[in-house]
Amino acid sequence: MNESPKLWTPQFMAIVLMAFLFFLCLQLLTAGFPAFITDVKNNPTQGGLMTTIFMLAAIVTRPFVGYLIHRVNVKKMSVFTLLFVAVTLSFSYGQESVPYLLILRIFHGIGFGIMTTILATLATNIIPKKRLGEGIGYYGLATSIGTSMAPMIALALLAYMPFNTLLIIAVVLAVITFLCSFMIKTQVAPVSSKTIEKKLSFKESIFDKKAFIPSLLCVFFSITLGGVVSFLRELGKEAHLGGTVSLFFLIVAIIMLVARPISGKLYDTYGHKVIIYPAIICGVIGLFLLSITNGSVTLLTAGFFYGIAYGTVTPTLQAIAVSLVTKEKQGTANAMYFSAMDLGMAIGSTGLGILATNKGFHFIYGFSIICLVLLILIYALLFTKKKETEAPVSDTYYSLK
């Protein structure tokens with residue numbers, strides 16, 4: 001019984017479903033807004049800014065969520081946040097003013113920062129410690145499938161329908177997630193929250209140095225992801241690939257569906273070293289193929305390799321971050337990790353957008369390889385010094401009142 005703790009509880013399944021729907025909802029617009037603004041304003045930099053401001057708002061919000069999550073009713077916070085997201089998404093309908101849309105993107109980012117931190121913390125709280133890698137792998141699969149399917153759906157719809165149709169779909173998804181939020185339990189384990197309140201100050205709630213390095217590594221990977229999500233459609237135009245671009249994201253989603261469960265079990269059995277190195281190599285191959293692609297076969301092959309990297313690197317780094325901190329700091333670790341992911345995507349969307357304006361879209365994917373090289377160098381330097389760096393996973397059961 002102790003050797004095989006249950007993972008797929010009704011509560012875990014509800015959280016995974018909500019994560020998929022919520023990420024799909026907002027990532028539709030992470031891909032859609034840059035494409036829409038680039039078409040309307042003919043300015044890739046402004047298009048990338050729509051993603052950057054969204055991510056920065058989430059980054060600023062998350063530290064406060066990491067602090068409040070131990071002190072407020074999590075279910076009520078989820079319900080009100082999802083309602084807020086649905087309403088602010090609806091305000092975007094029929095708008096073309098960049099300043100107005102940027103303000104709304106700030107609101108979307110605030111909602112994204114709150115909900116992603118809550119959902120990730122709820123998930124890691126109820127995953128048995130012996131199945132942490134596997135559990136985070138499945139949770140990450142839901143978020144990543146939502147993230148990777150969203151650009152495919154967004155670009156396919158934008159090829160035949162107006163941007164407002166995409167907004168309507170996003171609002172509907174937000175409403176469905178809102179309804180699902182009533183299935184969340186107010187408390188996930190019977191541990192006194194007063195104990196946590198006494199231990200954690202505001203500073204301690206927003207930062208833990210043990211989670212810093214995995215979060216930093218996530219920044220480097222997410223820079224490449226920001227470029228893929230925001231500008232792959234423009235690469236398709238540059239390479240005259242037409243509708244094939246949406247298939248790239250389908251390939252990524254399929255590969256992640258296969259890779260996530262396998263990588264999670266490998267993490268729990270052998271640790272993260274056997275996962276990170278081959279995954280980063282696959283990422284480099286994928287980005288290189290994007291930098292030279294002029295045909296559908298090359299593009300889809302790039303999706304295969306990048307899907308392996310995306311499907312294994314991000315949940316593995318999250319599992320490392322969560323495993324290195326104490327149980328009362330898992331909310332902090334999740335907040336730091338997702339803020340790092342958002343920061344990387346913000347840098348990638350804006351920075352690579354500026355580069356694309358001057359150098360073209362093929363160039364930015366080749367340039368992105370530098371980020372993965374830096375990631376693997378830092379990882380090798382800091383995680384291979386000691387023979388035993390796989391820190392024991394602390395007990396993942398603690399309460400959120």
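**Salt bridges, helix 10 and cysteines in a predicted model**

Lys237 and Glu234 sit 3 residues apart in helix 9, which is about one turn of the helix. In this predicted model, their side chains meet in a salt bridge, with 4.0 Å from N to O. As a rule, an α-helix has 3.6 residues a turn, so residues three or four places apart point the same way. The two partners differ in their surroundings: Lys237 is partly exposed, at 45% relative accessibility, whereas Glu234 is buried, at 7%. The pair does not stand alone, since salt bridges with shared partners join Asp39, Arg233, Glu234 and Lys237 into one network.

Another link in that network is the salt bridge between Asp39 and Arg233, whose closest N and O atoms are 2.6 Å apart. Asp39 belongs to helix 1 (residues 10-41) and Arg233 to helix 9, so this pair ties together parts of the chain that are 194 residues apart in sequence. Here too, the two ends are covered to different degrees: Asp39 counts as partly exposed, with 44% relative accessibility, while Arg233 counts as buried, with 14%.

A search of the whole structure turns up 7 salt bridges. One of them pairs Lys329 with Asp208, with 3.0 Å between the closest N and O atoms. This pair also links distant parts of the chain, 121 residues apart: Lys329 is in the loop between helix 12 (296-323) and helix 13 (330-359), and Asp208 is in the loop between helix 8 (202-206) and helix 9. In this case both partners are buried: Lys329 has a relative accessibility of 9%, and Asp208 has one of 11%. Thr326 is found in the loop between helix 12 and helix 13 as well. Its C-alpha atom is 9.7 Å from that of Asp208, although the two residues are 118 apart in sequence. Thr326 itself counts as partly exposed, at 34% relative accessibility.

Past the end of helix 9, the backbone does something less common. Most residues other than glycine have a negative phi. His240, however, has a positive phi of about 60 degrees although it is not a glycine. His240 lies in the loop between helix 9 (212-238) and helix 10, and counts as exposed because its relative accessibility is 72%, over the 50% cut-off.

What about helix 10 itself? Its 27 residues should span 39 Å at 1.5 Å a residue, and the end C-alpha atoms are 38 Å apart, which agrees. That agreement comes with a bend along the way: a kink of about 30 degrees lies at Ala259, shortly before the proline Pro261. Just after helix 10 comes another positive phi, of about 95 degrees, this time at Gly271.

The surface around this part of the chain carries a nonpolar patch formed by Leu257, Val258, Ile262, Leu266, Tyr270 and Val274, which together have about 580 Å² of accessible area. Helix 10 (residues 244-270) is the main contributor, giving 5 residues to the patch. Val274 belongs to helix 11 (residues 273-292). With a relative accessible area of 43%, Val274 is partly exposed, so this residue clears the cut-off of over 30% that patch members need.

Finally, the cysteines. A disulfide is a covalent bond between the sulfur atoms of two cysteines. The structure holds 0 of them, and the sulfur distances for Cys25 and Cys371 fit with that count. For Cys25, the closest cysteine sulfur is the one in Cys180, 12 Å away and therefore too far for a bond. For Cys371, the closest is in Cys218, also at 12 Å and again too far for a bond; the cut-off for a disulfide is 2.5 Å. Both residues count as buried, Cys25 with a relative accessible area of 0% and Cys371 with 10%.

Key: Residues are numbered from 1 along each chain as its sequence is written. This is a predicted model: local features need pLDDT of at least 70, side-chain atom pairs count only at pLDDT 80 or more; totals for chains, interfaces and linings use all residues. Side-chain values use heavy atoms; hydrogens and water are left out. Patches are made of residues with over 30% relative accessible area and no salt bridge: like charges are joined within 9 Å, nonpolar side chains (Val, Leu, Ile, Met, Phe, Trp, Tyr) within 5 Å. Accessible areas come from the Shrake-Rupley method with a 1.4 Å probe; for residues, only the protein chains shown count as cover. Helices (H or I, at least four residues) and strands (E, at least two) are DSSP runs, numbered from the N terminus. Buried means under 20% relative accessible area, exposed over 50%, partly exposed in between (1.4 Å probe, protein chains only). The expected span of a helix is 1.5 Å times one less than its number of residues. The bend at a residue is the angle between axes fitted to the seven residues ending there and the seven starting there.
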